[in-house]
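Grab a pencil and work through these exercises with the structure open beside you. Try each task before you read its solution.

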Amino acid sequence: MPGITLLERGWLSSNNILLHGGGEGALLIDAGHVVHAPQTVALVQHALQGEALRALVNTHLHSDHCGGNASLQRHFGCTLHMPPGDWAAVQAWDEDRLSYRATGQRCEPFKPDGCVHPGDTLRVGGRAWQALAAPGHDPHSLIFFDDRDGIVITADALWERGFGIVFPELDGAAAFDEVADTLDLIESLGARWALPGHGAAFQDIPQSLGLARQRLAAFRADPARHARHALKALISFHVMEVGQEALPDLLRWLVAAPLYTTVWQRIGRPGGSLAACGEALVAELCAAGVLQRHKGEEGGEIVSA
Ligand SMILES: [Zn+2]
């Protein structure tokens, strides 16, 4: 795909999509996680091939999409643009209103220069990327569509096999309808290529939409299934963030981050305590090979990614 470099990242970091602009400078979509920020800077530097990085745009402000913002701004001196919904929370760096305190995730503070609103157009490299509102996974998320070549940047609204956790639902706000509407919006674009927030680029968008709708129907039929899936995904995300952790510390982290108590209460307080529920979920993740556990020097259990 001429003029586009997709930096496909492993889990924890979102993909970074570099839209080359030649002499006018390039534009980067999403910044990865703070833990990988030095690697992100190095990958972008290499992919630029001497071109300047003019601007960085976040699809949404989850820690795996904007954790590298500050490092990229420092290194490249680029401007930073974000969806308008979280603008006030970012200006005040209010970790309660951003997702970082609720989820117990890390993100380096950053200062955006402006917003990209739904309906705005990003012009770079001869393409015009239309910003579209894509609520569901995150109420303020944007996706971007290039009409000329039929390319859609889908963030966490659609992956090749699935979509991101529907965060508002975890807090009790109905958002499955928004997920469905966003999938319909993506279908209506008739794109030939999708560049997702995680995983490789894909072309069989109808098949991915079918899988996503099946998954959505299963979550609608059994919201507790979505909540348990979310808890497991967020626990493994945390272990990837810290690398490894003693099991008691991991369970203390789980109990201290407010979102997990909310979710646990909503699904009927399984295990009798959030710590017991968390231990059972860790065991499931280890049995599935997502996480590993081993005895530490002191004899206690260590959980690693
Ligand atoms: Zn996300």
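Buried area is the accessible area (1.4 Å probe) that two parts lose on being put together, summed over both. We're working on a predicted model, where local features need pLDDT of at least 70, side-chain atom pairs count only at pLDDT 80 or more, and totals for chains, interfaces and linings use all residues. Residues are numbered from 1 along each chain as its sequence is written, and side-chain values use heavy atoms, with hydrogens and water left out.

**Exercise 1.** Find out how much area is buried between domain 1 and domain 2, and which residues of domain 1 lose the most.

*Step 1.* Start with the bounds, which come from an automatic or database domain assignment: domain 1 is 4-221 and domain 2 is 223-304.
*Step 2.* Their C-alpha centres are 27 Å apart. Domain 1 puts 25 residues into the contact and domain 2 puts in 20, contact being heavy atoms within 4.5 Å.
*Step 3.* About 2000 Å² is buried between domain 1 and domain 2, and carbon and sulfur atoms give 67% of that.
*Step 4.* On the domain 1 side, Ile 165, Leu 170 and Phe 219 lose the most area, together 30% of what that side buries.

**Exercise 2.** Work out which helices and domains feed the largest nonpolar core.

*Step 1.* Get the term straight: such a core is a set of buried Ala, Val, Leu, Ile, Met, Phe, Trp, Tyr and Cys residues joined through side-chain atoms within 4.5 Å. Buried means under 20% relative accessible area (1.4 Å probe, protein chains only).
*Step 2.* The largest one has 28 residues, and Leu 170, Ile 235, Leu 250 and Tyr 260 have the most contacts inside it.
*Step 3.* At least two residues each come from α6 (167-170), α9 (223-242), α10 (247-256), α11 (258-266) and α12 (274-287); helices here are DSSP runs (H or I, at least four residues), numbered from the N terminus.
*Step 4.* Both domain 1 and domain 2 supply at least three residues of this core.

**Exercise 3.** Explain why the zinc site counts as irregular.

*Step 1.* List the protein donors, meaning N, O and S atoms within 2.8 Å of the metal (3.2 Å for Na, K and Ca); water is not among the atoms, so sites may look incomplete. They are His 60 (NE2), His 62 (ND1), His 137 (NE2) and Asp 156 (OD), 2.1 to 2.4 Å from the zinc ion.
*Step 2.* Four donors are tetrahedral if all angles lie between 85 and 135 degrees, and square planar if opposite donors are over 155 degrees apart and all others between 65 and 115.
*Step 3.* The angles around the zinc ion run from 87 to 175°, so the arrangement is irregular.

Conventions:
Buried < 20%, exposed > 50% of the residue type's maximum accessible area, 1.4 Å probe, protein only. Tetrahedral: all angles 85-135°; square planar, octahedral: opposite > 155°, others 65-115°.
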